[in-house]
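Work through the exercises below with the sequence and the structure side by side, and try each task before reading its solution.

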Amino acid sequence: MAYKDIVVHLGKDHRSEARLNAAIQLAKEHEGRVTGVYVLSRRNISGFARNEIPVEVLKRLDTEERRFAEEAEEQFAERTARAAVPGEWRLMGGDFTDAIVTSAHYADIVIVGQTDPGDHESQGGLADNVVLGGAAPC
């Protein structure tokens, strides 16, 4: 099977670069294209606690998250261009699993990372949830 459409989840975790490397290598081997998906994190802060956090702090956290996304996009663009691999960037919001599953429906393969308990940026259970979420091409 040829992997022409490759989706890779990118983020702030330690294994993001390794996933991008794998996606680029597959694209080169199969003359495919890579879609990098970065999901803006949702803060699961209860309403009561959220009311106690100053608005400026929440805005600063959102600004920082967008900065991380911009850096990831720049790295993605540079790496795919250097490898002469067509690439598409998707910045998505909402639930991580839903965002990756939505993108995976239009791909031949999706690359996500395993849970890494030592990396607080790792999306715990994402791979399991994507598989169980019905990530199959349309």
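**Exercise 1: a charge and a ring**

Task: find which residue lies over the face of Phe68, and at what distance from the ring centre.

Solution: In this predicted model, Arg67 is placed over the face of the Phe68 ring, 4.9 Å from the ring centre.

**Exercise 2: the sheet and its helices**

Task: work out the order of the strands in the open sheet, and then find which helices lie across S1.

Solution: Begin with the sheet, which is open and has 4 strands in the order S3-S2-S1-S4, with parallel pairing. Its edge strands, each pairing on one side only, are strand S3 (87-92) and strand S4 (109-111), and from one strand to the next the twist averages 20°. Next, look at strand S1 (residues 5-10), which pairs with S4 in the parallel sense over 3 bridges; Val7 has Val110 in S4 as its bridge partner. Finally, add the helices: helix H1 (residues 16-30) lies across S1, strand S2 (33-39) and S4, and runs at about 170° to S1, while helix H4 (residues 96-104) lies across S1, S2, S3 and S4, at about 165° to S2.

**Exercise 3: the span of a helix**

Task: check whether the distance between the end C-alpha atoms of helix H3 (residues 55-82) agrees with the span its 28 residues should have.

Solution: The expected span is 1.5 Å times one less than the number of residues, so the 28 residues of H3 should span 40 Å, and the end C-alpha atoms, 41 Å apart, agree with this. Turning to its surroundings, the buried residues of H3, among them Leu58, Ala69 and Phe76, pack against S1, H1, S2, helix H2 (47-52) and S3. After H3 comes Ala84, whose phi is positive, near 55°.

**Exercise 4: the aromatic rings**

Task: describe each of the 2 aromatic pairs, and decide whether Tyr38 is buried or exposed.

Solution: A pair of aromatic rings is described by the distance of the centres and the angle of the planes. Tyr38 and Trp89 are 6.3 Å apart centre to centre with 35° between the planes, a tilted pair, and they link strand S2 to strand S3 across 51 residues of the chain. Since buried means under 20% relative accessible area, Tyr38 at 1% is buried, and Trp89 at 18% is buried as well. Phe76 and Trp89 form another tilted pair, with 5.5 Å centre to centre and 50° between the planes, in which Phe76 belongs to helix H3 and Trp89 to strand S3, 13 residues apart. Put together, the ring pairs link Tyr38, Phe76 and Trp89 into a cluster.

Key: Residues numbered from 1 in each chain as written. Predicted model: local features only at pLDDT ≥ 70, side-chain atom pairs only at ≥ 80, totals over all residues. Heavy atoms only, no water. Pairing = 2+ DSSP bridges. Helix = DSSP H or I, 4+ residues; strand = E, 2+ residues; numbered from the N terminus. Axes fitted to C-alpha atoms, helices over the stretch in contact; angles between N-to-C directions. Contact = heavy atoms within 4.5 Å. Buried < 20%, exposed > 50% of the residue type's maximum accessible area, 1.4 Å probe, protein only. Phe/Tyr/Trp six-rings, centres within 6.5 Å; stacked < 30°, edge-to-face > 60°. Lys NZ or Arg CZ within 6 Å of the ring centre and 35° of its normal.
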